[in-house]
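Welcome, and please open your viewer. We will go through this model one selection at a time, with a short stop at each.

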Amino acid sequence: RHAYDTKRAARKDKAGGTKLRIVDDGRTGVQVQGLEDVLVTDEQEVFGHVSKALLKRQVAETKCNDFSSRSHAIFTMTIHLKEMTASGEEEMRVGRLHLVDLAGSENIGRSGAKDGRAREAGNINQSLLVLGRVISALV
């Protein structure tokens, strides 16, 4: 399985994106190799990384939307919380939050997309269709 990072310069494939390998090691779950994993200790650091990620977000103006997302993004936060139980034992709780920004799905005719932008819209629509199939298979 592969995902594509169109912002990286390494290992370009025929589609113009960089292949990112998706692996499930059975211990830590599904991971995308080569992506950034950062330890933070407070809210300010979290917001700083979210702001950094937003700067990399790809948007373009269409007739339907002035700031249409042209890329998918996933921001995952894993929270580890240590607590003492009533019996004095240390207990670790782990929670995971996924924030997902999906590229905009727009009708090519209504959005005014032409040439490269129309191909891009077609690719976005295709990827959202596949995502819908994956979600349906999981339900």
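**First stop: strand β7**

Begin by selecting E90, which is found in strand β7, the run of residues 90-101. Keep in mind as you look around that this is a predicted model. Is E90 buried or exposed? With a relative accessible area of 57%, E90 is exposed, because the cut-off for that class is over 50%.

Now show the neighbours of E90. Leaving aside residues up to four places away in sequence, E90 touches K82, E83 and M84. Pick K82 from that group and display its side chain: K82 and E90 meet in a salt bridge, with 4.0 Å from N to O. Both of these partners are exposed.

**Second stop: the other salt bridges**

Side chains of opposite charge can pair when their charged atoms come close. How many salt bridges does the count come to? The count comes to 3, and you have just visited one of them, K82 with E90.

For the next one, select R93 and E83. Their closest N and O atoms are 3.0 Å apart, and the two residues form a salt bridge. R93 lies in strand β7 and E83 in strand β6, so this pair ties together parts that are 10 residues apart in sequence. Colour the two by accessibility if you like: R93 is partly exposed at a relative accessible area of 47%, and E83 is also partly exposed, at 29%.

Keep R93 selected and add E91. The side chains of E91 and R93 meet in a salt bridge as well, at 3.3 Å from N to O. E91 counts as partly exposed, with 32% relative accessibility. With E83, E91 and R93 all displayed, you can see one network, joined by salt bridges that share partners.

**Third stop: a nonpolar patch**

Move along to I74, which lies in strand β6, residues 73-84. I74 has a relative accessibility of 64% and therefore counts as exposed. Which residues form a nonpolar patch with I74 on the surface? Add V100, L102 and L131 to the selection: together with I74 they make up the patch, and the four have about 360 Å² of accessible area together.

**Fourth stop: helix α1**

Next, select residues 43-56, which are helix α1. This helix has 14 residues, and from its first C-alpha to its last it reaches 20 Å, close to the 20 Å expected at 1.5 Å a residue. Zoom in on the start of α1 and show D42: one of its side-chain oxygens reaches to within 3.1 Å of the backbone nitrogen of Q44.

**Last stop: the whole chain**

Finally, zoom out and switch to a cartoon view. The chain has 3 helices and 7 strands. Trace them from the N terminus on, and the elements run β-β-β-α-β-β-β-β-α-α.

Then turn on the surface. The chain exposes about 11,000 Å², of which carbon and sulfur atoms supply 54%. What share of the 139 residues counts as buried? That share is 14%. If you draw a contact map, look at the contacts between residues at least 6 apart in sequence: 33% of these join residues at least 24 apart.

Note on methods: Residues are numbered from 1 along each chain as its sequence is written. This is a predicted model: local features need pLDDT of at least 70, side-chain atom pairs count only at pLDDT 80 or more; totals for chains, interfaces and linings use all residues. Side-chain values use heavy atoms; hydrogens and water are left out. Patches are made of residues with over 30% relative accessible area and no salt bridge: like charges are joined within 9 Å, nonpolar side chains (Val, Leu, Ile, Met, Phe, Trp, Tyr) within 5 Å. Accessible areas come from the Shrake-Rupley method with a 1.4 Å probe; for residues, only the protein chains shown count as cover. Helices (H or I, at least four residues) and strands (E, at least two) are DSSP runs, numbered from the N terminus. Buried means under 20% relative accessible area, exposed over 50%, partly exposed in between (1.4 Å probe, protein chains only). The expected span of a helix is 1.5 Å times one less than its number of residues. A polar contact is a pair of N or O atoms within 3.5 Å; within protein, one must be able to donate a hydrogen and the other to accept it, and residues adjacent in sequence count only if both atoms are side-chain atoms. Contact means heavy atoms within 4.5 Å.
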